[in-house]
Amino acid sequence: SQDFKLHQPQNKMSVKAGDTLTLNCTVSGSSEPGPVKWLKGWSSGNRTIYEDTGSASPRVTRAVNRSNTDFTIHIRDVQPEDVGTYYCVKFRKSASGVNEVFRRGNGTEVSVLAKPSTPIVSGPSQRAGPGQSGAFNCTAGGFFPENIDVKWFKDETRISSQLPQVTEWREKSYNMSSSVTVVLGKGDVLSQLICKVQHSASPTPLQGRYQLSRVLRVSPSVDVNNEQKSPIEVNKTMKFTCHVKGFYPENVTVSWLENGVKIKEEKDSQPSVFHQGLFELRSQLEVQATEEKNGSMFTCLVVHDAQAPVNQSAILWIVSPDQEGQDKGSQIYSGESKLGGV
């Protein structure tokens, strides 16, 4: 047994999670009876990975079956918990019949590179308006080693953020959380946040995206105008147009009131894109200018995204044929609605 040699050539190895790890070990020369085993760890913390009687895991197989000189093994579908130092060990039978260490290799230190999951960006649970701030969070998990770099962008502009919080998830695996606060703007309907994650196990950065339109609310402006000359002759038709513009999201309802009493809605258009992803809508009301409607106030009442209503009003002035030349004009009133029971 003096010429017996055990050769374990690999000092350090790095493998990506999911790949197959090959641990080399060969022996030569004569030896005493006893098995060759692969152990993970040494002293009291060691664990048998492979021996002649079989593998401790279905993922571990011999490279050359039944060979008396080549004890190389394959570990497939490597996971972060496989990180550790592996030893190829030759045992011999003692006088009492117990296996004792005869020779062992120098050990192969194995590290596993596990890339993070695709980053997920989450935002506030409620919408906010221009000038208000929102907190956004980016998470990714299952990576090793724990060093990770996170950068935030609004469209193509880098924005500052705190260092990511890294926590251990399970043995040799980590999770990450990164937060950023963004002040929303009226023009952010088409903007997006990008969380860019760089890790040694991934050749390219991983990205998570979040459309700011998911949390942005832009309230509309309301404008009422009459297309005909005012005052108008009795029994003629007056057309009032309510222009609701610059709002997001598109869910909006428009109602018409005559002297504070709701009347039938007339000729509403569907919301269409106005500018920078914002919407606009036009609602038209036709009123017959009877004498009893002289001085009546017609109000366009707009409720956007379940918010407090806004309105604008116009007064209908009627002129009889013998009053021509007397021009009272029209008056416009606007503001947040204070009409009770609408």
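**Strand pairing and nonpolar core in the predicted model**

Over residues 116–207 of this predicted model, the chain is 53% strand and 0% helix, and the C-alpha atoms at the two ends lie 11 Å apart. The UniProt record, an unreviewed entry, assigns the feature "domain: Ig-like" to residues 116–207, and also to residues 1–88 and 220–311.

Two hairpins were examined. Strand S17, covering residues 165–170, pairs with strand S18, covering residues 173–183; the pairing is antiparallel and comprises five bridges. Within this pairing, Gln165 has Ser177 of S18 as its bridge partner. Two residues separate S17 from S18 in the hairpin, and Lys172 in the turn adopts a positive phi of about 60°.

The other hairpin is formed by strands S26 and S27, with two residues between the strands. S26 spans residues 272–275 and S27 spans residues 278–288; the two run antiparallel and are joined by three bridges. His275 is positioned opposite Leu278 in S27. A positive phi near 55° is found at Gln276 in this hairpin.

The largest nonpolar core contains 72 residues. The members that touch the most others are Trp38, Phe136, Trp152, Phe240 and Leu316. Nonpolar side chains tend to be buried together in soluble globular proteins. For Phe136, with neighbours within four places in sequence left aside, the contacts include Trp152, which is also among the core members touching the most others. The remaining contacts of Phe136 are with Ser122, Gly123, Pro124, Ser178, Ser179, Val180, Val182, Leu193, Tyr210, Leu212 and Val215. Of these, Ser178, Ser179, Val180 and Val182 fall within strand S18, which spans residues 173–183.

Note on methods:
Residues numbered from 1 in each chain as written. Predicted model: local features only at pLDDT ≥ 70, side-chain atom pairs only at ≥ 80, totals over all residues. Heavy atoms only, no water. Pairing = 2+ DSSP bridges. Helix = DSSP H or I, 4+ residues; strand = E, 2+ residues; numbered from the N terminus. Core = buried A, V, L, I, M, F, W, Y, C linked by side-chain atoms within 4.5 Å. Buried < 20%, exposed > 50% of the residue type's maximum accessible area, 1.4 Å probe, protein only. Contact = heavy atoms within 4.5 Å. UniProt positions renumbered as here; feature names shortened; annotations may be inferred.
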